[in-house]
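Q: I am new to this structure and would like a close look at a single part of it. Please take one residue and its surroundings, and then set them in the chain.

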Amino acid sequence: MAQGGAAAQRTERWRGAVKRAVTAVVAVTGRPLQCEMCGKQLFRSYPFVWRGRLKLRGAEVAEVRADWDKNDRLTFRHVEAEKCRG
Ligand SMILES: [Zn+2]
């Protein structure tokens with residue numbers, strides 16, 4: 001059981017390392033998403049749909065609010081107003 005626990009920990013460490021590596025690559029190569037209010041870049045991402053969910057790897061690095069603007073359009077903006085000025 002202890003070995004199984006160690007193997008599970010190694011697997012979790014690997015998953016964490018792969019996730020961080022993917023996030024780092026997406027932060028450089030992903031498509032930029034800007035705040036609809038001020039136009040500043042919020043984060044970079046590759047939108048990905050999987051099992052009824054829209055995943056935006058890279059969004060976890062920013063505090064962002066997302067809202068539906070129209071039936072087929074999501075908008076993003078800063079959560080904190082002071083980051084949204086100028
Ligand atoms: Zn903004």
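A: What follows starts from one residue in a strand, moves out to the sheet, and ends with the chain.

The model is predicted. The residue chosen here is Phe-48, which sits in strand E2, a strand covering residues 41-50. Is Phe-48 buried or exposed? Phe-48 has 10 other C-beta atoms within 10 Å; because a residue with 12 or fewer counts as exposed, Phe-48 is exposed. Leaving aside residues up to four places away in sequence, Phe-48 touches Lys-55 and Arg-57.

Both contacts lead to strand E3, which spans residues 53-57. Lys-55 is the bridge partner of Phe-48 in E3. Arg-57 has a bridge partner too, and that partner is Tyr-46. Strands E2 and E3 pair in the antiparallel sense, over 5 bridges. The two strands form a hairpin with 2 residues between them. In the turn of this hairpin, Arg-51 has a positive phi of about 50°.

The hairpin belongs to an open sheet of 3 strands, in the order E1-E2-E3, with antiparallel pairing. Strand E1 (31-34) and strand E3 stand at the edges, and each has a single partner strand, so one side of each is left without a neighbour in the sheet. From one strand to the next, the twist averages 50°. Strands of a sheet pair through backbone hydrogen bonds.

The loop between E1 and E2 holds Met-37. Met-37 counts as partly exposed, because 14 C-beta neighbours lie inside 10 Å. Not counting residues up to four places away in sequence, Met-37 touches Arg-77 and Cys-84. Met-37 and Cys-84 are 47 residues apart in sequence, while their C-alpha atoms are 7.3 Å apart in space. For Phe-48 and Ala-81 the sequence separation is 33 residues, and the C-alpha to C-alpha distance is 28 Å.

Next comes the nonpolar core. Which residues form the largest nonpolar core? It has 5 residues, namely Leu-33, Leu-42, Phe-43, Leu-56 and Ala-59. Ala-59 touches Phe-43, Ser-45 and Val-64, again leaving out residues up to four places away in sequence. In soluble globular proteins, nonpolar side chains tend to be buried together.

Last is the chain as a whole. The protein chain has 1 helix and 5 strands, and along the sequence they follow the pattern α-β-β-β-β-β. The radius of gyration of the protein chain is 17 Å, well over the 12 Å that the globule rule gives for 86 residues, so the chain is more spread out than a compact globule. Along its principal axes, the C-alpha trace spans about 55 × 30 × 25 Å. Buried residues make up 9% of the 86 residues. Among contacts in the chain with a separation of 6 or more, 30% are between residues 24 or more positions apart.

To return to the starting point, Phe-48 is an exposed residue in strand E2, with Lys-55 as its bridge partner in E3.

Conventions: Residues numbered from 1 in each chain as written. Predicted model: local features only at pLDDT ≥ 70, side-chain atom pairs only at ≥ 80, totals over all residues. Helix = DSSP H or I, 4+ residues; strand = E, 2+ residues; numbered from the N terminus. Buried ≥ 20, exposed ≤ 12 C-beta atoms within 10 Å, placed from the backbone. Contact = placed C-beta atoms within 7 Å. Pairing = 2+ DSSP bridges. Axes fitted to C-alpha atoms, helices over the stretch in contact; angles between N-to-C directions. Core = buried A, V, L, I, M, F, W, Y, C linked by C-beta atoms within 7 Å. Rg over C-alpha atoms; globule rule 2.2 N^0.38 Å.
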